[in-house]
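Colleague: Please take one part of this model and look at it closely. I would like a connected account, starting from a single strand and working outward.

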Amino acid sequence: ADKFISDVLRIKADAFGNDEIRWRQSIAQMVGSDDFMRDIYKLLHKDIFNWGICCFSTLRDNELMWAHYADSNKGVCLEFDLSTSPDIQEGLMPVLYDDQFPKITDIGDVYQALFRKRLAWKHEAEWRTFKMGKGPKPFLKPSLKAIYFGCNADLEAIDTVRRVMTETGYSDVRFRKANLFIQGTRINDMPNTPNPFLTRTSTHV
C-alpha cells in the first residue's frame, strides 16, 4: 500500500516540477478525491498482474470443497504446519465473509477488500496470503505434514504419489484417505507403505 501511495505522489510531483508549494497544495486537495483514486486504480491494475495468491483452509473434510477443488474427489488435500514455514505464514490472513462489500476510499481499503468474500462461500474457512511475483513458491519440507487423497482417487496415482514423496525426502509425511458416508466425510489413516500389488510405472506425478 505504501508503495502505491508513494508512486502516486511521485507522479503528482513530476507534474509540478520544482514548484513545491503547488505540489503540496495539490496533495492536500487530491487525497480522497476521484482523481486520486483513479491514479490508485491505475497503479493497482498495473501491479496486480505481478501478484501471486496462495489460499488455505482450516477444513479437510468439507464435501463441497473436495468436489470443487479436488477434481470431484479425485485430487488431494495437503496439510501444512505453517509455523515451520515462515515465508508462507507471513501476511496470512483469514477471509472475512460478508454480503456488504466494503466502501473503498483509500488504498488500504483496496487491500482489505482482497480478503473479503460473500457469505455463500463461508463454508470454505479460507485464509489467504499475497506475494509479489507469480509462479511456484518453495516451502520447507518439514512444513508438509500430511497428504489426503480423495475418495475417488485412482489407486495407481496414490501409489505413485507415495513413492515419489518417499524418494524425494518427505519420509515423515502421513497419508490419509477421505471416504464419503451418508453421515458425511470421514478421514482414515492409510498404511505406511505403498500398495505392493500395484506396478510402478513412473516416478513423476
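**A strand and its surroundings**

Modeller: Strand β7, residues 144-149, is largely enclosed by the rest of the structure, because five of its six residues are buried. Buried here means under 20% relative accessible area. Keep in mind that this is a predicted model.

Start with the strand's partner. β7 pairs with β2, and the two run antiparallel. Five bridges join them. One of the bridge partners is easy to find: Phe80 is matched with Leu144 in β7.

Now follow Leu144 inward. Leu144 belongs to the largest nonpolar core, which has eleven residues. Ile147 and Phe149 are also in that core. The other members are Ala153, Ile158, Val161, Met165, Tyr170, Val173, Phe175 and Met190. Two elements give two or more residues to this core: β7 and α7, the helix at 155-167.

Ile158 is a good residue to click on. Setting aside neighbours within four places in sequence, Ile158 is in contact with Phe149, Ala153, Lys177 and Met190. Phe149, Ala153 and Met190 are core members too.

There is also a second, separate core of six residues. Its members include Ala70, Ala146, Tyr148 and Ile187. What might one recall about strands at this point? In a regular strand the side chains alternate between the two faces of the sheet.

Back to β2, the partner of β7. β2 covers residues 76-80. It gives the largest share of the lining of the largest pocket, five residues. That pocket has a volume of about 820 Å³. Of its 26 lining residues, the closest to the centre are Phe56, Ser57, Leu59, Cys77 and Leu78. β1 (51-57), α4 (63-69) and β6 (126-132) each supply at least two lining residues as well. By class, the lining has 16 nonpolar, four polar and six charged residues.

One last stop is the loop between α4 and β2, where Asp71 lies. Ser72 is placed in that loop too. Most residues other than glycine have a negative phi. Asp71, though not a glycine, has a positive phi of about 50 degrees. For Ser72, also not a glycine, phi is positive at about 55 degrees. Ser72 counts as partly exposed, because its relative accessibility is 40%.

For the wider setting, the protein has seven helices and nine strands. Buried residues make up 32% of its 205 residues. Among contacts between residues at least 6 apart in sequence, 69% join residues at least 24 apart.

Note on methods. Residues numbered from 1 in each chain as written. Predicted model: local features only at pLDDT ≥ 70, side-chain atom pairs only at ≥ 80, totals over all residues. Heavy atoms only, no water. 1 Å grid on protein atoms, 1.4 Å probe; cavity = no way out; pocket = protein on both sides within 12 Å on 5 of 7 lines; lining within 4 Å. Points joined across faces, edges and corners; volume = space filled by probe spheres on them. Helix = DSSP H or I, 4+ residues; strand = E, 2+ residues; numbered from the N terminus. Nonpolar A, V, L, I, M, F, W, Y, C, P; charged D, E, K, R; others polar. Buried < 20%, exposed > 50% of the residue type's maximum accessible area, 1.4 Å probe, protein only. Pairing = 2+ DSSP bridges. Core = buried A, V, L, I, M, F, W, Y, C linked by side-chain atoms within 4.5 Å. Contact = heavy atoms within 4.5 Å.
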